[in-house]
Amino acid sequence: MSKLDQILVLDPPSDLRFKGPFTDVVTTNLKLKNPSDRRVCFKVKTTAPRRYCVRPNSGVIEAGAAVNISVMLQPFDYDPNEKSKHKFMVQTIFASGNVSDMDSLWKDAKPDDLMDSKLRCVFELPSENDKVNDVDATKAAPLVNSVKADPSAASAPAAALDDTETKKVMEKCKRLQSEINKLTEENRQLKVKEEEGVRMRKMPRSDHPTSNSTGLVARETSSASLPSLLVVIAAIFIGFFLGKFIL
């Protein structure tokens, strides 16, 4: 009896490509699709189990379903002159009624019931264009993060004033400026009056005072002579009484 052909559809079908640099874990994906109307069990094997991590490495695919497998290459010192000899094999078998014990299923499976597909590993270094794109993406990432981390920048358009509020603010600024100009003018006039008063006080008195100043001097003289007159009258009366008592 000939060996069964692989029932699953693999994507990629033959090569697992890993793109460097290989200073960190490099991951590639393998998709397994079950086009049949039966459940299929699978497991993934490799010739270099210490160099790869496969998740999931086994399982059951329902009829018409698919599963994505992550194949992670561990960091290593890449030598371009060394050809990769690593290979993978996807082994499958139709599931029986009870697949709770996967180990027993694979252990008891007959060789003629097994189906398999082999894939080789291909290591690739990034091209110059890929390096430039990676640098651009690295530079752009901090800008994107800064925009996300700064909510004020995202909300700036929402905080912008509309036309009505802008007009109100402008009118208020004009009123404040007008008041400032008015106070400045009043302050200037007060300074001018103060300077004129200082000049008037420093000027020599005129020999011909005006009538107003003459009247003012007369009133001051009369006001000043009135207490002197009262003193004289009081002295006369006191002298009169003293003279009367002594005589």
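What follows is a chat about the strands and aromatic rings of a predicted model.

Biologist: Let's start with the open sheet of five strands: what is its order?

Modeller: The pairing in this sheet is mixed. At the edges sit β2 (15–19) and β6 (58–61), each pairing on one side only. Neighbouring strands are turned by 25 degrees against each other on average, direction ignored. Reading across, the order is β2-β9-β8-β4-β6.

Biologist: How many bridges join β4 to β8?

Modeller: β4 covers residues 40–46 and β8 covers residues 87–94. The two run antiparallel, and the number of bridges joining them is seven.

Biologist: And which residue of β8 is the bridge partner of threonine 46?

Modeller: We'll meet this one again among the aromatics, as it pairs with tyrosine 52. The bridge partner of threonine 46 in β8 is phenylalanine 88.

Biologist: On to the rings, then. Are the planes of phenylalanine 18 and tyrosine 52 stacked, tilted or edge-to-face?

Modeller: This is an aromatic pair, and the count of such pairs comes to nine. The ring centres of phenylalanine 18 and tyrosine 52 are 5.7 Å apart, with the planes at 50 degrees. Stacked would need under 30 degrees and edge-to-face over 60. So the pair is tilted.

Biologist: How far apart in sequence are the parts that this pair of phenylalanine 18 and tyrosine 52 ties together?

Modeller: Phenylalanine 18 belongs to strand β2, while tyrosine 52 is in strand β5 (residues 52–55). Phenylalanine 18 is buried, at a relative accessible area of 0%, and tyrosine 52 counts as buried too, at 7%. Because the two rings lie in those two strands, the pair links parts separated by 34 residues.

Biologist: What kind of aromatic pair do tyrosine 52 and phenylalanine 88 form?

Modeller: Centre to centre they are 5.0 Å apart, and the planes make 80 degrees. Tyrosine 52 lies in β5 and phenylalanine 88 in β8, so this pair ties together parts 36 residues apart in sequence. Phenylalanine 88 has 2% relative accessibility and counts as buried. As for the geometry, the pair is edge-to-face.

Biologist: Which residues form the aromatic cluster?

Modeller: Phenylalanine 18, tyrosine 52 and phenylalanine 88 are among them. The full cluster is Phe18, Phe22, Tyr52, Phe76, Tyr78, Phe88 and Phe123.

Biologist: Last one: over which ring does the charged end of arginine 51 sit?

Modeller: Another arginine, arginine 38, lies over the face of phenylalanine 94, at 4.0 Å from the ring centre. For arginine 51, the charged end is 4.5 Å from the centre of its ring. That ring belongs to phenylalanine 76.

Terms used
Residues numbered from 1 in each chain as written. Predicted model: local features only at pLDDT ≥ 70, side-chain atom pairs only at ≥ 80, totals over all residues. Heavy atoms only, no water. Pairing = 2+ DSSP bridges. Helix = DSSP H or I, 4+ residues; strand = E, 2+ residues; numbered from the N terminus. Axes fitted to C-alpha atoms, helices over the stretch in contact; angles between N-to-C directions. Phe/Tyr/Trp six-rings, centres within 6.5 Å; stacked < 30°, edge-to-face > 60°. Buried < 20%, exposed > 50% of the residue type's maximum accessible area, 1.4 Å probe, protein only. Lys NZ or Arg CZ within 6 Å of the ring centre and 35° of its normal.
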